[in-house]
2 protein chains.
Amino acid sequence: MCTAFHNASCLNCQARFGSILFKAEKCNLEEIEAAKVCSIYKKGQVVFQEGAYPFGIYCVNTGKIKLSHCGDDGREQIVRLAKPGDIIGYKALLSAERYTASAIAIDDASVCFIPKDLFMSVLQKDASLSFEMMRIIASELRKAEVKITHLSQKPVRERLAETLLFIKETYGVESDGFTLNVRLSREEIANLVGTATESAIRLLSEFKKDGLIELQGKKIRLLNTDEITRTANLQD
Amino acid sequence: MCTAFHNASCLNCQARFGSILFKAEKCNLEEIEAAKVCSIYKKGQVVFQEGAYPFGIYCVNTGKIKLSHCGDDGREQIVRLAKPGDIIGYKALLSAERYTASAIAIDDASVCFIPKDLFMSVLQKDASLSFEMMRIIASELRKAEVKITHLSQKPVRERLAETLLFIKETYGVESDGFTLNVRLSREEIANLVGTATESAIRLLSEFKKDGLIELQGKKIRLLNTDEITRTANLQD
DNA sequence: ACATTAACTTGATCCTCATCATTGTGCCGG
DNA sequence: CCGGCACAATGATGAGGATCAAGTTAATGT
């Protein structure tokens, strides 16, 4: 399955900057360090599964994770992309319910696990951490609501352009300044946009024909970000 | 505009049970009580407007409030329905950004305003309150993600059925046990479902023909909840 | 290297649903 | 009481996009 080991210190963690956990008071952070377990997941492996009960939260150390709902008909809807420093699995934990989404590694990833009891107790006593958590969740909620609006009002073409920009914003680009720094299948892109795989493919080809992007296998190069933004028709 | 006055005590507030504020420690609650201002909004009046900066949060005392995004083309998308005891406007406040949604009274409503500085300072020191806040926001986020999935995967018919059940769950029914306890225009229902007004009207007529509901002006009676649930095709 | 499967691509078709247009109904002020 | 207006209902039409089908390329294992 996956290799698990204790990480000596969060201070060595690649993702220590930008991680919410570093908003915690020092003593609490040390407590977390002592208890957390770091695991390696290979591309495609499941970190946690929709329907299961949570035993703690996860903090992405390296790699990329997708969080996706499984629709009734089995089609997946990607609701979030997590990068190093992000925590995942907090919603289920906070509401003490089952996971409503699965977390799957897009790349090989290393993810820290923090046991439920510990995290909850730290959260209860560490106002700074819980305040920061709140801000993060609130910001996710904002994004989700915008997405709801766009899903019901914007055509697929605009949403795809928007998604490309979102991917760039999340995972960045390679050293050339153009190539998206993640390899997603066409199906995954479609599930991110909320459309059929064929539609996503077709529109990507159009974008390519229009000189907005360049395609080379799973590599996507955003050649003309301005024009993509215009295509996305964003005004908020 | 609207009548504003200091409410002597939250303890007299109709919405005191079920309100998150009562998770706050007593001394903090008293502080809030002293500072909050209660206002009356008539049906259709705006509590806060998308794009404006927040000066505090609002707690619904009586009445019903809709929270809606305005899409780029001007069409609104209702992202939330608030009832007595609910707090609104917290996302913008927490992230210190502009409102991304407007809050508008569906009914005549009385809403308490709690100034930003006070609320934030209480939040910082009251772990119990901020923990509860977190849970509420996390739960909203869950709902939003499910909605995203359904928007991209379910047909309008199912989503309308789902919305009717959601309205019932949120505002309940009148004493007859069937009539939804809120008057929404067809357009508002459509904006909740995420579809065109005409489509919502058409499907409501179908539901009526199929004996699922009864229509009488803006009154909607859910005659056969089981069958509506089946129509919504929920399995999660 | 080859076989086998998975992922991608393109084309054709169908259907849901948005849009436009028109008529009908309730509601309020004059 | 009646015009005026907003909202509701219904019909006609077309476009966007899902689905099905078939062919192509890339990836994977043996």
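This passage describes the interface between chains A and B, two of the helices, and several individual residues of a predicted model.

Local features were taken at pLDDT of at least 70 and side-chain atom pairs only at pLDDT 80 or more, whereas totals for chains, interfaces and linings use all residues; side-chain values rest on heavy atoms, with hydrogens and water left out. Residues are numbered from 1 along each chain as its sequence is written, and chains are lettered from A in the order in which they are written.

Contact between the chains (heavy atoms within 4.5 Å) involves 45 residues of chain B and 44 residues of chain A. The buried area, defined as the accessible area (1.4 Å probe) that two parts lose on being put together, summed over both, is about 4400 Å² for this pair, and carbon and sulfur atoms give 61% of that area. On the chain B side, the residues that lose the most area to chain A are Asp72(B), Met134(B) and Arg142(B), which together account for 17% of what that side buries.

Six salt bridges, given here as 6 by the rule, cross the interface of chain B and chain A; a salt bridge is a side-chain nitrogen of Lys or Arg within 4 Å of a carboxyl oxygen of Asp or Glu. In one salt bridge, the side chains of Glu97(B) and Arg142(A) meet at 3.3 Å, N to O. The interface also holds 14 residue pairs in polar contact, both residues being at pLDDT 80 or more. A polar contact is a pair of N or O atoms within 3.5 Å; within protein, one must be able to donate a hydrogen and the other to accept it, and residues adjacent in sequence count only if both atoms are side-chain atoms. Strand S6 (76–82), helix H2 (90–95), helix H3 (116–125) and helix H4 (127–153) of chain B each contribute at least two residues to the side that touches chain A. Helices (H or I, at least four residues) and strands (E, at least two) are DSSP runs, numbered from the N terminus. Of the chain B side, H4(B) gives the most, with 20 residues. By class, that side comprises 18 nonpolar, 13 polar and 14 charged residues, where Ala, Val, Leu, Ile, Met, Phe, Trp, Tyr, Cys and Pro count as nonpolar, Asp, Glu, Lys and Arg as charged, and the others, Gly among them, as polar.

H4(B) has 27 residues and reaches 39 Å from its first C-alpha to its last, close to the 39 Å expected at 1.5 Å a residue; the expected span is 1.5 Å times one less than the number of residues. Of the 27 residues of H4(B), 20 are buried, a term that means under 20% relative accessible area, with exposed over 50% and partly exposed in between (1.4 Å probe, protein chains only). At the N-terminal end, Asp126(B) caps H4(B) through a side-chain oxygen 3.1 Å from the backbone nitrogen of Ser128(B). In chain A, Ala144(A) is placed in helix H4 (residues 127–153) and is buried at 7% relative accessible area. Across the interface, Ala144(A) touches Leu141(B), Ala144(B) and Ile148(B). Helix H5 (residues 156–171) of chain A has 16 residues, and its end C-alpha atoms are 22 Å apart, in agreement with the expected 22 Å. Buried residues of H5(A) include Leu160(A), Leu164(A) and Tyr171(A). Gly172(A), which follows H5(A), has a positive phi near 75°.

Two charged residues were examined within their chains. Lys66(A), in strand S5 (residues 65–70) of chain A, is buried with a relative accessible area of 9%. The side chain of Lys66(A) makes polar contacts with the side chains of Glu76(A) at 3.3 Å and Glu188(A) at 2.8 Å. Arg221(B), in strand S11 (residues 219–222) of chain B, is likewise buried, at 15%. A polar contact of 3.0 Å joins the side chains of Arg221(B) and Gln216(B).

Most residues other than glycine have a negative phi. Ala96(A), however, has a positive phi of about 55°; this residue lies in the loop between helix H2 (90–95) and strand S8 (102–105) of chain A and is exposed at 53%. Asn233(B) also has a positive phi, of about 60°. Asn233(B) is placed in the segment after helix H8 (225–232) of chain B and is partly exposed, at 29% relative accessibility.

Methods. Lists of a residue's contacts leave out its neighbours within four places in sequence.
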